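Here's a quick tour to read alongside the picture. Keep the structure open and find each piece as you go.

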Number of protein chains: 2
Amino acid sequence: MAARRNMLRAATMALLLAGTAPARAEDGYRLWLRADVPAGPIPRVTLRGDGATLRLAAAELSHALPAAIGGVTLALASDPQVTALRLPTATLGDEGYLVRRVRLGQRDTLLITGNGERGLLYGSFALLRHLATGGSAATVALASAPRVKLRVLNHWDNLDGSVERGYAGQSLWDWWTLPDFKDPRYTDYARANASIGINGTVLNNVNAKADSLTPRYIAKAAALADVFRPWGIKVYLSARFSAPIELGGLKTADPRDPAVAAWWKAKADEIYRAIPDFGGFLVKANSEGQPGPRDYGASHADGANMLAAAVRPHGGIVMWRAFVYADTDPEDRAKQAYSEFKPLDGKFADNVLVQVKNGAIDFQPREPFHPLFGAMPKTPLLIEFQITKEYLGFATHLAYLGPLFTETLDARTGRGAETVADVVDGIAEQHALSGMAGVANIGRDRDWSGSTFNQANWYAFGRLAWDPTLDAAALAREWARQTFGTDPRVVEPVVGMMMASREAVVDYTGALGLAHVMATGHHYGPGPWVSDLKRPEWNPVYYHRADKQGIGFDRTRSGSDAVAQYAPDVAKRLADPAATPERELLWFHHVAWDRRMSSGKTLWDELVAHYDRGVAAVGTMRATWERLRPLVDAERWGKTATYLAVQERESRWWRDASLAYWMSVNGRALPAGATPPEHDLAWYKAQQFPYAPGHPE
Amino acid sequence: MAARRNMLRAATMALLLAGTAPARAEDGYRLWLRADVPAGPIPRVTLRGDGATLRLAAAELSHALPAAIGGVTLALASDPQVTALRLPTATLGDEGYLVRRVRLGQRDTLLITGNGERGLLYGSFALLRHLATGGSAATVALASAPRVKLRVLNHWDNLDGSVERGYAGQSLWDWWTLPDFKDPRYTDYARANASIGINGTVLNNVNAKADSLTPRYIAKAAALADVFRPWGIKVYLSARFSAPIELGGLKTADPRDPAVAAWWKAKADEIYRAIPDFGGFLVKANSEGQPGPRDYGASHADGANMLAAAVRPHGGIVMWRAFVYADTDPEDRAKQAYSEFKPLDGKFADNVLVQVKNGAIDFQPREPFHPLFGAMPKTPLLIEFQITKEYLGFATHLAYLGPLFTETLDARTGRGAETVADVVDGIAEQHALSGMAGVANIGRDRDWSGSTFNQANWYAFGRLAWDPTLDAAALAREWARQTFGTDPRVVEPVVGMMMASREAVVDYTGALGLAHVMATGHHYGPGPWVSDLKRPEWNPVYYHRADKQGIGFDRTRSGSDAVAQYAPDVAKRLADPAATPERELLWFHHVAWDRRMSSGKTLWDELVAHYDRGVAAVGTMRATWERLRPLVDAERWGKTATYLAVQERESRWWRDASLAYWMSVNGRALPAGATPPEHDLAWYKAQQFPYAPGHPE
């Protein structure tokens with residue numbers, strides 16, 4: 001009792017408050033849009049025009065502009081006062097913007113202009129970004145137009161509120177209370193997307209239910225479209241190809257059947273009555289159990305074109321996924337999309353895009369670019385990235401995907417100097433359509449993406465969809481400055497962490513071109529030993545082919561000859577292990593454990609070194625973050641610190657489990673100095689995660 | 001273009017901001033705890049002692065107390081300075097509090113005291129409640145001790161993040177990131193519960209998975225327990241009875257098998273090593289497919305006592321549910337719990353409570369009190385209410401459950417003047433244990449409970465668990481003042497809405513004692529016609545037994561004789577249709593459609609009048625709420641207004657669908673002036689809601 005008698009005075013209240021304050025401003029909800037209504041005088045924002053989108057742009061500016069900016073004017077390029085200035089607005093297209101100090105009427109003002117309202121909205125966000133990242137108010141002059149037309153999120157959100165491969169809580173869409181209740185969060189979602197230039201969203205999972213096309217769900221989608229419209233965002237739906245059977249009572253979904261085409265036409269008409277600017281359909285057909293035209297002996301082009309005809313009168317489009325591999329086809333899975341789609345080049349209607357994943361397998365931590373890029377010049381190819389980290393540690397591992405995105409976009413296809421980005425923007429081929437899709441990492445969690453750093457992947461995707469030539473490090477810096485403030489003591493270490501993070505994941509999960517070595521189903525943690533799944537290409541052993549002598553998938557002529565799907569120059573290089581980049585070596589070649597690498601180490605020793613490097617890199621991230629503690633708000637700092645601790649523990653788990661397995665196959669000892677795995681292989685094999693998120697049980 | 005040339009000046013910015021401001025303070029997150037840190041001087045809070053709970057109490061006070069309160073002192077009753085005051089603290093128990101102006105040391109102060117730290121925390125919240133509801137700072141004098149020992153939430157939360165019968169988003173528990181990440185929201189949850197006196201929480205669904213008892217999940221529960229502990233909240237787990245087989249590899253879960261008992265003993269020891277103050281187990285056994293002791297011919301007492309022995313050395317308890325009905329038993333389902341448990345009175349270990357739902361079927365909008373109350377005097381009966389509105393319109397319908405709770409608690413058991421509340425508090429029987437459980441309506445939605453008004457049900461449950469004799473209207477007023485402020489122009493209409501709301505649901509879903517007339521599975525909307533489910537007692541027709549002549553379940557001697565399960569006085573009254581309250585008439589009697597009711601109307605006309613009254617009552621709520629628009633913040637007002645519109649539409653659906661069906665059975669016309677159903681019966685039968693929340697597909 002004696003000890004308790006000391007009086008603690010109210011002077012200690014500040015301390016008490018710190019531990020228990022229920023209101024937390026820094027919970028991540030505000031994403032990279034953290035500028036507040038400035039104290040003091042609000043700058044004069046003059047709005048010439050009265051569209052809903054213009055009004056949103058003006059409101060954004062008045063929220064956040066410092067008075068020092070002086071007067072700002074929002075006006076369309078067609079405004080006579082703007083026309084008189086003879087500004088270079090012709091190349092801005094519908095969505096581009098120009099921000100420049102001008103004399104307008106009788107006044108000096110900072111003009112934000114463009115050919116359409118959306119351009120002015122994007123220009124307003126660009127100005128705010130410029131200022132929030134430390135840009136000068138005095139000398140600002142910005143101009144940009146998107147290089148890609150369709151900048152689209154793919155939500156793998158199910159109608160029951162679950163999200164396939166979602167690690168940020170339930171679906172943002174509360175289908176049950178829609179269309180009546182329009183959660184204010186839907187507006188905040190649209191605003192965040194508009195701020196980075198995203199202009200479309202596919203609401204439902206590509207593994208689609210036909211119900212999403214019923215009147216009840218069309219009305220719900222229409223309510224969301226109404227919220228998104230002034231932010232320049234169109235709504236799309238994933239369409240289940242067999243819907244004419246399930247909803248229409250037809251006997252077939254054969255795309256060549258006139259009754260099927262008529263059903264889709266009527267369905268499209270019905271959707272457009274509810275959503276006049278409906279974007280169109282995304283279709284996953286004849287892939288992983290989904291129905292499709294191949295069920296009837298028709299081609300993917302037959303299927304896509306039939307749907308395209310249904311939406312064409314309304315200006316709609318079809319995004320048709322090339323992610324296919326047959327249940328029965330023994331061909332190298334990496335080859336199947338090309339085999340199926342390459343012959344269809346030139347056969348698709350002009351309102352169809354073929355949606356191609358960045359790599360030929362499935363969103364692995366590293367994949368060579370998909371051989372379809374460069375192989376279908378007559379077809380607009382919409383590239384699909386995965387923003388959600390199905391294979392990169394879910395929400396808890398820090399992995400900035402900017403370098404993953406740009407690695408593919410910057411890759412040379414082998415057709416002249418063409419890059420994948422050039423294929424995607426379609427400019428050279430003069431495609432009317434172009435697009436980039438990202439599988440969203442957005443859910444109902446308060447911080448939207450499951451962690452602060454995951455927000456950077458949403459951000460980088462949006463910015464790269466606007467301009468695929470942007471630099472990943474520059475985007476990281478841009479994001480960090482908006483998210484944590486411009487203090488270089490924070491920004492530079494954060495950018496350093498981000499830029500090293502994805503390579504760390506590659507290193508601790510399996511470097512040198514290894515892929516698909518994860519556990520089954522939920523895809524969390526290591527499972528290189530898995531060999532008992534029904535389809536051969538579901539098993540990690542199918543991909544790494546490790547044996548006593550060596551490891552890797554021979555995709556040269558002596559193997560599956562997948563390299564032949566690339567343009568000749570690329571194919572020739574990849575056919576030669578010595579010319580293949582070491583980071584992709586085991587993707588293309590089966591190589592002896594003793595092979596000498598450029599480091600002078602054997603392949604085996606090099607692989608071990610990569611695992612160790614990956615673990616060490618996470619340790620470095622933790623140490624860096626620890627030093628930032630005084631400079632970052634407590635709540636975001638603490639959650640990130642916790643997640644980094646998880647990541648470090650699990651990077652060891654990945655390393656140890658993988659090494660235990662490889663040693664069981666190759667019978668080799670670890671290089672001198674390498675730490676042996678903490679447990680034996682049986683222990684790692686026994687780990688089970690029955691309720692992992694993002695995966696239906 | 002001409003129209004666009006008009007300049008909109010920055011003067012309109014206020015208007016612009018209103019439509020788009022991203023920060024929203026009034027999103028419901030703060031529940032009824034809305035007092036802010038006051039501007040101006042902070043009152044002096046003196047803390048005598050240094051426990052974690054005391055520090056939380058002091059912090060709460062300093063957050064929210066107005067300076068006008070003067071000095072406040074938190075000190076245990078055992079503090080010599082307090083002892084010297086000879087205050088009546090002996091009857092406060094461990095958790096009670098006393099708040100009184102005293103002279104302490106040399107100073108006048110407002111003293112908050114009690115025999116334990118939790119008492120001081122509860123006293124602090126009571127003081128804040130007193131002030132927030134308009135109580136005087138000058139004359140405050142409070143004293144209260146809980147009448148019920150275990151005030152427990154039951155979370156029907158699954159390990160995959162779904163919530164059975166949950167309508168407020170995903171489970172609050174992010175099992176995947178536990179135990180590493182302790183979401184700040186867990187603290188806010190504990191704080192909200194502590195503010196109303198809840199002192200326990202069962203983390204996982206009564207339909208339990210054995211996995212919740214694995215080391216991995218015990219560690220996660222322990223992390224939550226660490227967060228909750230200083231708030232006075234113990235953690236409990238639902239235990240799957242067959243866990244010794246599933247986890248332990250035993251051949252049996254027979255409670256009489258020594259190996260089974262030893263397994264549970266070791267498991268309890270393991271849990272207590274991680275959670276030293278673990279509360280104990282909740283068990284749903286031999287009910288709706290769950291395993292239990294009856295699988296081995298052992299009794300519920302055998303099962304409960306075996307588990308009770310395992311937790312007894314650690315001070316733990318077992319809550320054993322009486323909600324049972326056999327898969328094979330043709331006995332009236334309403335009778336089965338009594339038949340099974342009544343003979344076991346006196347057979348349970350003294351650290352077992354039998355958990356009994358408020359009524360004998362399953363949380364219907366109205367049920368007569370469960371006949372077990374009053375029938376097991378030797379056993380502490382823990383009453384179970386459903387706070388989540390499985391049968392009362394999910395999150396969207398406004399139904400304040402205070403009157404539902406108190407209707408049961410105030411019911412006379414027929415043993416002298418005993419009420420159900422007297423049975424529950426166990427004071428007369430001198431039970432060492434007593435308890436009240438509420439099936440939580442809490443999820444990860446920002447406003448916790450799916451709507452602002454649903455928060456009132458969480459609130460009322462907690463307050464009634466503290467004192468089951470409290471008045472539902474007084475609690476509504478208390479909640480409304482804290483939630484919307486003390487302006488009587490808001491409070492009185494809100495209380496009026498709340499107090500009429502549950503009866504409105506009864507009226508539009510089926511009054512006069514009808515029950516279990518809802519659609520199958522998800523339990524949303526009407527389904528009185530359902531007759532094709534496998535078990536007879538799953539079908540609405542089993543309960544209402546409507547035919548050409550009449551309607552209702554004869555539970556008198558000429559029928560199932562369920563009335564005989566009540567004490568003789570009650571049984572006698574309920575055996576006579578004329579003595580049975582009309583609101584329970586059809587629960588106990590099969591009655592002719594032409595029967596004359598107290599209103600002078602026939603039963604049929606009276607039933608129709610109730611449907612119309614229910615629909616009209618929702619219209620009245622809408623009109624009342626519409627008038628409150630200028631007085632309530634936009635975000636909470638808007639969501640509630642939207643939900644009331646949904647409720648009005650759906651109340652008509654309930655009425656019309658039900659009437660269409662009854663008319664198909666009784667062949668009667670509607671009374672003069674009654675509106676015919678909007679659609680025919682086939683239309684209502686065809687309505688499907690495949691992705692309704694809270695129900696596994």
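What follows is a short lead and then bullet points grouped by topic.

Before you dive in, remember that this is a predicted model. In chain A, eight strands close into a barrel, and in chain B eight strands close into a barrel too. We'll start with those barrels, zoom in on a few strands, helices and single residues, and finish with what UniProt says about chain A.

**The barrels**

- In chain A, the barrel goes round in the order β7-β8-β9-β10-β11-β12-β13-β14, with parallel pairing. From one strand to the next, the twist averages 25°.
- In chain B, the order round the barrel is β7-β8-β9-β10-β11-β12-β13-β14, and the pairing is parallel. The twist here averages 25° from one strand to the next.
- For a close-up of chain A, look at β11(A) and strand β12 (residues 352–357), which run parallel and are joined by four bridges. One pair to look for is Val318(A) with its bridge partner Val352(A) in β12(A).

**Strand β9 of chain B and its neighbours**

- Is strand β9 (residues 234–238) of chain B enclosed or open? Four of its five residues are buried, so the rest of the structure largely encloses β9(B). "Buried" here means under 20% relative accessible area.
- On one side, β9(B) pairs with strand β8 (residues 200–202) of chain B, in the parallel sense and over three bridges. You can spot Thr201(B) opposite Val235(B), and Val202(B) opposite Tyr236(B).
- β9(B) also pairs with strand β10 (residues 280–283) of chain B, again parallel and over three bridges. Here Tyr236(B) has Gly280(B) of β10(B) as its bridge partner.
- How do you get from β8(B) to β9(B)? Helix α6 (residues 215–228) of chain B joins them in a right-handed β-α-β unit.

**Strand β2 of chain A and a left-handed crossover**

- In a regular strand, side chains alternate between the two faces of the sheet.
- Strand β2 (residues 45–48) of chain A is a nice place to check that: Val45(A) and Leu47(A) point one way, while Thr46(A) and Arg48(A) point the other way, and all of them are buried.
- β2(A) runs parallel to strand β3 (residues 72–75) of chain A, and four bridges join the two. Among the partners, Thr46(A) is bridged to Thr73(A) in β3(A).
- To get from β2(A) to β3(A), the chain passes through helix α2 (residues 52–64) of chain A, and this β-α-β crossover is left-handed.

**Helix α5 of chain A**

- How many of the 13 residues of helix α5 (residues 184–196) of chain A are buried? The count is 13 of 13, so the helix is largely enclosed by the rest of the structure.
- Where α5(A) starts, a side-chain oxygen of Asp183(A) comes to within 2.8 Å of the backbone nitrogen of Arg185(A).
- After α5(A) comes Gly197(A), which has a positive phi, near 95°.

**Two residues to zoom in on**

- Asp332(A) sits in the loop between β11 (317–321) and α10 (333–341) of chain A. Its relative accessibility is 5%, so Asp332(A) counts as buried.
- A polar atom of the Asp332(A) side chain lies 3.0 Å from the backbone nitrogen of Ala334(A). Beyond its neighbours within four places in sequence, Asp332(A) is in contact with Tyr542(A), Phe553(A), Arg555(A), Ser560(A) and Ala562(A).
- Pro403(B) is found in helix α11 (residues 402–409) of chain B. With a relative accessible area of 15%, Pro403(B) is buried.
- Setting aside neighbours within four places in sequence, Pro403(B) is in contact with Ala472(B), Met499(B) and Arg502(B). The C-alpha atoms of Pro403(B) and Ala460(B) are 9.6 Å apart, with these positions 57 residues apart along the chain.

**What UniProt says about chain A**

- An unreviewed UniProt entry lists "domain: Alpha glucuronidase N-terminal" for residues 78–127 of chain A. That stretch is 30% helix and 30% strand, and its end C-alpha atoms are 21 Å apart.
- The UniProt annotation "domain: Glycosyl hydrolase family 67 C-terminal", also from an unreviewed entry, covers residues 450–673 of chain A. Over those residues the chain is 55% helix and 2% strand, with the end C-alpha atoms 37 Å apart.

Definitions and conventions: Residues are numbered from 1 along each chain as its sequence is written. Chains are lettered from A and ligands numbered from 1 in the order in which they are written. This is a predicted model: local features need pLDDT of at least 70, side-chain atom pairs count only at pLDDT 80 or more; totals for chains, interfaces and linings use all residues. Side-chain values use heavy atoms; hydrogens and water are left out. UniProt positions are given in the numbering used here, feature names are shortened, and annotations may be inferred rather than shown by experiment. Buried means under 20% relative accessible area, exposed over 50%, partly exposed in between (1.4 Å probe, protein chains only). Two strands pair if DSSP finds at least two bridges between them. A crossover is right-handed if, with the strands pointing away from the viewer, the path from the first strand over the helix to the second runs clockwise. A polar contact is a pair of N or O atoms within 3.5 Å; within protein, one must be able to donate a hydrogen and the other to accept it, and residues adjacent in sequence count only if both atoms are side-chain atoms. Contact means heavy atoms within 4.5 Å. Axes are lines fitted to C-alpha atoms, for helices over the stretch in contact, and angles run from 0 to 180 degrees between N-to-C directions.
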